[in-house]
Amino acid sequence: MRLPTLIFLVTSLCSTLALAASNTSGLPSCVVCHGAGVQGNIVVQAPNLSILPAWYITAQLEAYQHNWRGEDASLADAKDMRAVALALSDKEREQVLEFISAVTPQSAKPSLMGDISHGQQLFSSCSACHGDVAQGNEALKAPPLAGQNDWYIVSQLKAYQANQRGYAKKDSNGNMMRSSVSLLGSEQDILDVASYLNSIEISKE
Amino acid sequence: MKQVLTRRECLFLLAKVAGGSAAMMQAASGLGVEQPASTFQYKPLYKVPGKRPHVLILGAGISALVSAYELTRAGYTCEILEASHRVGGRNLTVRHGDLIDEIGNRQICDFDDQPNLYFNCGPARLPAHHHGIMHYCKELKVPLQMFCNYNRNCYTQDDVCFDGEPVRIGDYETDIMGFTSEIIAKSMTTAGHLDSPVGEADFERIVEYVKVQGDLNDAMEYHGSGRSGFASGGVFAPGELKPTRDFADLLNSNFWAGAMQFMHIADQAPAMMTPVGGMDSIVKHFLPHVQKLITLNAQVQMVELLDNGVEVAYVHQGITKVARGDYCLNSIPSEILSGIENNFPADYSEKMAMMKRDKLIKFGFQARERFWEKEDIYAGISWTNQDITQIWYPEHGTFSEKGVLLGGYSWEPEIVDRFAAMSPEARIETAISQGEKVHPNYRQYIEKGVSICWHRMNHMLGCGTYWTPEIYDAAFATLQAPAKRHYLIGDQIALLPAWQEGAVQSAWHAMLDIQQRESARSATKT
């Protein structure tokens, strides 16, 4: 049978995963929503974590803890995530990061039909921060976007536009992104960029 | 002559009046149009001929327990992999010390350690016509008692009428039926009958019907009724009628549009049953037959359909293991299954992703004193337009010291989202303060509480599947049919969202299909 890649890792990590952060099976609770390979699950609106580096996940867990994300009443899914971020102890967070870092990154399944080549053109104005192939740039705190769920890119760009993300004064990286979304004018542009990002062959770190 | 309204037109009107909210739509379905009849008739599976096929069952809720129980009796071998720490799925009764495994908000139930202090977090009632689950209660000798969904001594509370004061359901219903009957009778006895679709003799019967329905006097007027009890007297002196409520206030309340119709919903109609000692009594009665087949804390990571079976990778205590079955009955909730690696046909996966699941929150409160009994309430449901929506009083433990009541039950997504976003303490505090509108001294009696937010529960992520007509037409048949040797089971694959009957019948649907395949297989051999 095809053994999923993550399974080897689970076996090696099990000794370090404390029960508190994990399901009693030995896996962290992340996998229930984000998928068995934390590759994202559109049905519960959980994004692909497998492509994300530890520094970015840390920053976002903190953003949830500070209420920089998920504040708006309409963002029920983000509130679900906020509860998890608040419940994680420092040790549990480390274990989660260790788990996700060890998972093989995989591209999310595409769900939208944007114009990939137009998206690629548009992305040239994003690449200064996010990297030529959207591989991310830790120095600039710009996350990798290659292989991310297209629907998630769309929802987050819209959240920035609607002032539902990047609004907090202390969230300087979020502020930066919020002011940058104006580069994408139309709904179609957002869709095209999302489809492009989803389609990029991924590389982690 | 005017057209008589069809039932569907009535439904439409009711939904329109009720503002089209999900709750009211649900209530409106009680007119009987949408209720599927239970077709369940128990007939054991045949003894499987020849080699004993192995059936892999994913999840350990009611559909899984029924499957393992029946299949092993017919000679199949079974194994059940359950991701969580417990058996029962959404059949969850909590008591002292039990873990409520909400992601991001683990709670330990701190009710006193007493047998009557329990709370049914999931299913809590059994309709008489749910023949599948009732069959297993009978077969496994699960002791049942009456469950009370409708008690005229309970309250309706609505901020928009009666100055927000709670009103006894009996008072409300008697008055609104009286006043509306008076109007109908008057309009019928003036010019109305010219439009009547019935003959003169029947017409008189209808007028009489309206009189009886509203308890009108001979002048066809409503001036109160002993049906709501007396203000005074009634034992040694004639009873004094209570003053009637203001008709405009009665109409302003939304009670008539939704909650008042609740007990007319076929699945909610009296008399209903519930297991003595908690709904999980059903699970406990299955366990002696199937316990040795169950592996808890076994989280499925991959499902692979093969030509002659199904293979599953799962993690148990940190170790990856593989299990293989000739068939697989899968009750993993569709939303979670969508995130598990698989090789399902594209069409099957796409349709599975269409399934939408309800959000639902329940509150269980321990009361230091059974204050409701002092208000002549021994069971039943009060209704309020506060977010908590309902308060249920236990039908068990009458006159004992303490009791566990249901302090809130909400199913409107916006309401559930509001509660979900709160800290556990804030949820309880909010539910108590809302309950004070129904029982002014509520706070002094509530000692402890738990909240069960089903869409955040670990390994669940939701409640019943909400099949819209569009999603049903597009996806149901595909998902009910096997994908190779893989079958979806659970209440998720029946039109009885969150009813255990759906779980039982879905299991039987799959098992009968397997039986047919096995019969065909053995026939070709001989």
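# Exercises on a two-chain model

Chain B contains 15 helices and 26 strands. The structure is a predicted model.

**Exercise 1.** Determine how the radius of gyration of chain B relates to the value from the globule rule.

*Solution.*
Step 1. Chain B has a radius of gyration of 26 Å, and the globule rule gives 24 Å for 526 residues.
Step 2. The two values are close, so chain B is as compact as a globular protein of that length.
Step 3. Further figures describe the chain. Along the principal axes, the C-alpha atoms of chain B fill a box of roughly 80 × 60 × 40 Å. Of its 526 residues, 47% count as buried. Among contacts in chain B with a separation of 6 or more, 71% are between residues 24 or more positions apart.

**Exercise 2.** Classify the packing of helices H5(B) and H6(B), and name the residues that meet.

*Solution.*
Step 1. Helix H5 of chain B spans residues 169-189, and helix H6 of chain B spans residues 200-214. Their axes lie 8 Å apart, at an angle of about 160 degrees.
Step 2. An angle over 145 degrees counts as roughly antiparallel. H5(B) and H6(B) are therefore roughly antiparallel to each other.
Step 3. The crossing of these two helices, H5(B) and H6(B), is left-handed.
Step 4. H5(B) contributes residues including B:Met177, B:Ile184 and B:Met188, while H6(B) contributes residues including B:Val207, B:Val210 and B:Lys211. By class, the residues of this contact are 6 nonpolar, 6 polar and 2 charged.

**Exercise 3.** Classify the packing of helices H6(A) and H10(A) in the same manner.

*Solution.*
Step 1. In chain A, helix H6 covers residues 116-123 and helix H10 covers residues 187-199. Their axes come within 7 Å and cross at roughly 95 degrees.
Step 2. Angles of 65 to 115 degrees count as roughly perpendicular. H6(A) and H10(A) are therefore roughly perpendicular to each other.
Step 3. Among the residues that meet are A:Ile116, A:Leu122 and A:Phe123 in H6(A), with A:Asp189, A:Val193 and A:Tyr196 in H10(A). The contact has 5 nonpolar, 5 polar and 2 charged residues.

**Exercise 4.** Describe the side of chain A that touches chain B, by element and by residue class.

*Solution.*
Step 1. The contact joins 33 residues of chain A to 34 residues of chain B.
Step 2. On the side of chain A, the elements giving two or more residues are helix H1 (5-13), helix H2 (30-34) and helix H4 (76-87).
Step 3. H4(A) provides the largest share, 7 residues.
Step 4. By class, this side of chain A has 19 nonpolar, 11 polar and 3 charged residues.

Key
Residues numbered from 1 in each chain as written. Chains lettered and ligands numbered in written order. Predicted model: local features only at pLDDT ≥ 70, side-chain atom pairs only at ≥ 80, totals over all residues. Axes fitted to C-alpha atoms, helices over the stretch in contact; angles between N-to-C directions. Helix = DSSP H or I, 4+ residues; strand = E, 2+ residues; numbered from the N terminus. Parallel < 35°, antiparallel > 145°, perpendicular 65-115°, else oblique. Left-handed = near helix turned anticlockwise from the far one by under 90°. Contact = placed C-beta atoms within 7 Å. Nonpolar A, V, L, I, M, F, W, Y, C, P; charged D, E, K, R; others polar. Rg over C-alpha atoms; globule rule 2.2 N^0.38 Å. Buried ≥ 20, exposed ≤ 12 C-beta atoms within 10 Å, placed from the backbone.
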